[in-house]
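Subject: Structure for you to look at

Dear colleague,

I am handing over the structure below, with my notes after it. Please read them with the model open beside you.

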Amino acid sequence: MKIKFVITTVIAISSLYLIIPLEWKIIYRHILNQKISQQVMIPVYNISGAIIENTYGAPRSGGRKHQGIDIFAPRGTTVLNTVDGVILYTGRDTYGGNVVRILGVDKRIYYYAHLHSYNDFDPREKIHQGEVIGYVGNTGNAITTPPHLHFEIMKIKWLFPLRIENINPYGELIQ
Ligand SMILES: [Zn+2]
């Protein structure tokens with residue numbers, strides 16, 4: 001009876017492990033590491049804080065609210081990683097187009113969207129502050145908008161299932 005219970009539990013846990021997204025696994029692997037605070041860098045090359053507008057929470061189509069801030073720059077301008085961390089995801093999503101998500105050493109998730117292109121990273125790969133992530137563009141739902149980086153910071157609210165909450169990145173960049 002006991003051995004049956006153990007086997008059932010092991011099967012249940014391992015099948016759960018197979019279906020949970022890779023991003024969650026990377027987060028779980030790093031969540032117990034020491035939490036390190038870092039000043040968040042401005043993620044677009046040669047852009048001064050003075051020209052960045054605080055558009056967090058601004059209304060968007062379909063009753064949505066803007067979950068981040070937009071940093072406008074010429075197409076192809078270098079996008080830089082803002083804090084040390086590990087790569088969670090590089091690829092495409094419907095709204096964001098070409099996107100990169102990074103788990104920072106501060107245990108927050110950083111999201112870079114509408115990229116013209118991104119550099120070739122593997123999930124779990126370490127990335128340092130100031131490293132080039134990709135290039136400014138207008139992919140995803142920004143296709144009719146001038147090129148800009150859409151930038152978000154998310155706090156982890158709950159680990160399983162993973163729940164996140166956006167915060168306003170503006171105050172983190174402009175100090
Ligand atoms: Zn945006």
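Tyr-110 has Ile-153 in β8 as its bridge partner, and this is one contact point in an antiparallel pairing in which 6 bridges join β5 to β8. Strands here are DSSP runs of E with at least two residues, helices are DSSP runs of H or I with at least four residues, and both are numbered from the N terminus; two strands pair if DSSP finds at least two bridges between them.

Before going further, please note that this is a predicted model, in which local features need pLDDT of at least 70 and side-chain atom pairs count only at pLDDT 80 or more, while totals for chains, interfaces and linings use all residues. Residues are numbered from 1 along each chain as its sequence is written.

**The strands around β5**

β5 (108–118) also pairs with β4, to which it is joined antiparallel by 5 bridges, and with β7, to which it is joined antiparallel by 3 bridges. On the β4 side, Leu-103 has Ile-109 as its bridge partner and Asn-98 stands opposite Leu-115, whereas on the β7 side Tyr-118 stands opposite Gly-134. β4 and β5 form a hairpin with 3 residues between them, and Lys-107 in that turn has a positive phi of about 70 degrees. β4 is in turn joined to β3 by 8 bridges, again with the strands antiparallel, and these two strands likewise form a hairpin with 3 residues between them; in this pairing Val-86 has Leu-103 as its bridge partner in β4.

Both β4 and β5 are mostly covered, with 7 of 8 residues buried in β4 and 9 of 11 in β5. A residue counts as buried if 20 or more other C-beta atoms lie within 10 Å of its own, as exposed if 12 or fewer do, and as partly exposed in between, with the C-beta atoms placed from the backbone.

**The nonpolar core**

The largest nonpolar core (a set of buried Ala, Val, Leu, Ile, Met, Phe, Trp, Tyr and Cys residues joined through C-beta atoms within 7 Å) has 29 residues, and those with the most contacts inside it include Val-79, Val-100, Tyr-110 and Leu-149. The elements that give two or more residues to this core are β1, β3, β4, β5, β7 and β8, and β5 gives the most, with 7 residues. In soluble globular proteins, nonpolar side chains tend to be buried together.

Val-79 is a useful residue to select first. Leaving aside its neighbours within four places in sequence, Val-79 is in contact (C-beta atoms, placed from the backbone, within 7 Å) with residues that include Pro-43, Tyr-112, Leu-115, Ile-133, Val-136 and Leu-149.

**Backbone details to check**

His-114 lies in strand β5 and has a positive phi of about 65 degrees although it is not a glycine; His-114 is also buried, with 25 other C-beta atoms within 10 Å. Arg-124, in the loop between β5 and β6, likewise has a positive phi, near 80 degrees, without being a glycine, but Arg-124 is partly exposed, with 14 other C-beta atoms within 10 Å. The peptide bond from Phe-160 to Pro-161 is cis, with omega near -10 degrees, and Pro-161 is placed in the loop between β8 and β9.

**The helices and the whole chain**

Helix α1 covers residues 2–19, and its 18 residues should span 26 Å at 1.5 Å a residue (taken as 1.5 Å times one less than the number of residues), which agrees with the 26 Å between its end C-alpha atoms. None of those 18 residues is buried, so α1 lies largely in the open. In helix α2 (residues 22–30) you will find Arg-29, which is exposed, with 12 other C-beta atoms within 10 Å. Arg-29 and Arg-108 are 79 residues apart in sequence, and their C-alpha atoms are 14 Å apart in space.

Taken as a whole, the protein chain has 3 helices and 9 strands, which run from the N terminus as α-α-β-β-β-β-β-β-β-β-β-α. Its C-alpha atoms fill a box of roughly 65 × 35 × 30 Å along the principal axes, and 28% of its 175 residues count as buried. Of the contacts with a separation of 6 or more, 62% are between residues 24 or more positions apart.

With kind regards

Definitions and conventions:
Two residues are in contact if their C-beta atoms, placed from the backbone, lie within 7 Å.
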